[in-house]
Amino acid sequence: MWRKSVVGVAAIVMTTLVACGQSTRLPADRDGRHSDDRDARLTAAVPELMRQASVPGAIVGVWQEGKAPYVQAFGVQDTNTGQPMTTDLHMRIGSLTKTFTVTALLLLAQQGKLGLDDPIDRYVPGVPSGDVITLRQLAAMRSGLFNYADVTLANLSNEPDRQWTPQELLAVSFSRPLLFEPGTKFDYSNTNTVLLGLVVEKVSGQSIEAFIDQHILKPERLASTVFPTSSDFPSPHSQGYAKAADGATVNATNWNPSWGWAAGQMVSTLDDVRVWTQDLATGKLFTPEILQQRNQFLPAPEEGQGAQYGLAIENQNGWLGHNGNIAGYLTYPYYLPAEQTTMVVMLNSNVDVLGSWALMEGIVKIISPRHPWPKPPTE
């Protein structure tokens, strides 16, 4: 999560943190056992974990085979008014956008309209080493291209309304040398997914947002998920908190996310993310051949100890998904095939990335002690 991602790290002082909002209380498990112990432990643990991570509001959803669902909102959606979090709020999902962009790419590959080993310069001119870097390497974060976000994020709070174009973002990246020979290492870079967004547009003849809407959101019935083309934010939504360049805590809710574009611009809700998390992990939209290509996991040390990365999907000790981190918001959506468990955690502050990682460790310890959340990366 400390990756060079679609994010600015935030800081916020908590004044109120209570478990509140909507929750789900359902009957006994199918085998006659209740989920009361799990639910009670989560409800007791999450507020303290939030306090430690300086998070004012959280939405937690857990869907486990053989257990009643757990859906709970904690804390506040607005630190000024104290308005409580609710489970129906829209949230910015940051890098979870990458899973939609790369799914779009894979659907085009599935239709025979492109090949994953095609060089990027077949579709986008002017890419350094574009005759060598493949679409597969871009999706796997192994291109070596400099991450433009390392530059754009530094000044984000000073120009929060700026509307970036993909070409402007790529120009920042292309002004720097490659970090390593393509295909030889993992390095998380938004540049990769912005390029793939342009590939989807070139091959499909549609805008990336139109293609995702037609070929993913509508078939998946994700009616509350959108790819905004500006800072527009569907209601109801939570406020999001980030740290400005001068260190002050600010409300980043309406900061323009165009600097993330195909790598991080989308918005969604708990209910939609729950559906997408399981369908993404199980490869619902793919043929077995394409799914096998997507799930060629390789070491990704920046993503956690023992973490692996396929084509825009992480494997965190058996938990499959992709976190999202953008100024003011964090999203952790994962599916555990071994236990048929879906977990979605959405936070309205990216104050303390290590603290949010510890929050996930605490939640997973309760949900699935046999499949603990990995330790943070050492580098």
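Which residues of α10 are buried? In this predicted model the list runs Val 353, Gly 355, Ser 356, Trp 357, Leu 359, Met 360, Glu 361, Gly 362, Ile 363, Val 364, Ile 366 and Ile 367. That is 12 of the 15 residues of α10, so the helix is largely enclosed by the rest of the structure.

**How far to trust it**

Confidence first. The mean pLDDT of the protein chain is 91, and 91% of its residues reach 70 or more. The stretch to be wary of is residues 4-33, where pLDDT is below 50. Even so, that stretch has 104 contacts in the model beyond near neighbours in sequence.

**Helix α10**

Back to α10, which covers residues 353-367. At 1.5 Å a residue its 15 residues should span 21 Å, and the end C-alpha atoms are indeed 21 Å apart, so the two figures agree. At the start of the helix, Asp 352 puts a side-chain oxygen within 3.2 Å of the backbone nitrogen of Leu 354.

Ala 358 also lies in α10, but with 31% relative accessibility it counts as partly exposed, since buried would need under 20%. The C-alpha of Ala 358 is 9.5 Å from that of Met 50, although 308 residues of sequence separate the pair.

**Helix α7 and the cores**

Helix α7 takes up residues 208-220. Its 13 residues should span 18 Å at 1.5 Å a residue, and the end C-alpha atoms sit 17 Å apart, which agrees. There is a bend, though: about 35° at Gln 214. Just after the helix, Arg 221 has a positive phi of about 60°.

Which residues of α7 are buried? They are Ile 208, Phe 211, Ile 212, Ile 216, Leu 217 and Glu 220. An α-helix has 3.6 residues a turn, so residues three or four places apart point the same way. Ile 208 and Ile 212 are both on the buried list, and so are Ile 212 and Ile 216. The cover over these buried residues includes α2 (97-110), α6 (190-204) and α8 (270-282).

The largest nonpolar core has 83 residues, and Phe 100, Ile 120 and Leu 135 have the most contacts inside it. Helix α2 gives the most to this core, with 8 residues. Apart from it lies another core, this one of 27 residues, including Val 46, Val 60, Tyr 334 and Leu 359. Leu 359 is also one of the buried residues of α10.

Phe 100 ties several of these threads together. Leaving out residues up to four places away in sequence, Phe 100 touches Ile 93, Ile 212, Ile 216, Leu 217, Leu 222, Thr 225, Met 266 and Trp 276. Among those partners, Ile 212, Ile 216 and Leu 217 are also buried residues of α7.

**Backbone oddities in the loops**

Two serines have a positive phi, and Pro 236 sits at a cis peptide bond. Ser 235 and Pro 236 are the residues joined by that cis bond, with omega about -5°. Pro 236 is in the loop between α7 and β5 (241-243).

| Residue | Phi | Loop |
|---|---|---|
| Ser 54 | near 55° | between α1 (36-52) and β2 (57-64) |
| Ser 129 | near 55° | between α2 and α3 (135-139) |

Ser 129 comes in at 34% relative accessibility, so it counts as partly exposed.

**Two buried polar residues**

Ser 143 belongs to the loop between α3 and α4 (149-152). Is Ser 143 buried or exposed? At 0% relative accessibility, Ser 143 counts as buried. Its side chain makes a 2.5 Å polar contact with the side chain of Asn 192, and a polar atom of that Ser 143 side chain lies 3.1 Å from the backbone nitrogen of Leu 145. Setting aside neighbours within four places in sequence, Ser 143 is in contact with Ile 133, Gln 137, Leu 138, Leu 178, Phe 180, Pro 182 and Asn 192.

Asp 78 is in the loop between β3 (70-75) and β4 (91-92). With 15% relative accessibility, Asp 78 counts as buried. The Asp 78 side chain reaches the backbone nitrogen of Asn 80 at 2.8 Å. Beyond residues up to four places away, Asp 78 touches Gln 83, Gln 239 and Tyr 241. Gly 264, by contrast, lies 186 residues from Asp 78 in sequence and 23 Å away in space, C-alpha to C-alpha.

How values were computed
Residues numbered from 1 in each chain as written. Predicted model: local features only at pLDDT ≥ 70, side-chain atom pairs only at ≥ 80, totals over all residues. Heavy atoms only, no water. pLDDT = per-residue confidence, 0-100. Contact = heavy atoms within 4.5 Å. Helix = DSSP H or I, 4+ residues; strand = E, 2+ residues; numbered from the N terminus. Expected span 1.5 Å × (residues − 1). Bend = angle between axes of the 7 residues up to and from the residue. Buried < 20%, exposed > 50% of the residue type's maximum accessible area, 1.4 Å probe, protein only. Core = buried A, V, L, I, M, F, W, Y, C linked by side-chain atoms within 4.5 Å. Polar contact = N/O pair within 3.5 Å; in protein donor to acceptor, adjacent residues only side chain to side chain.
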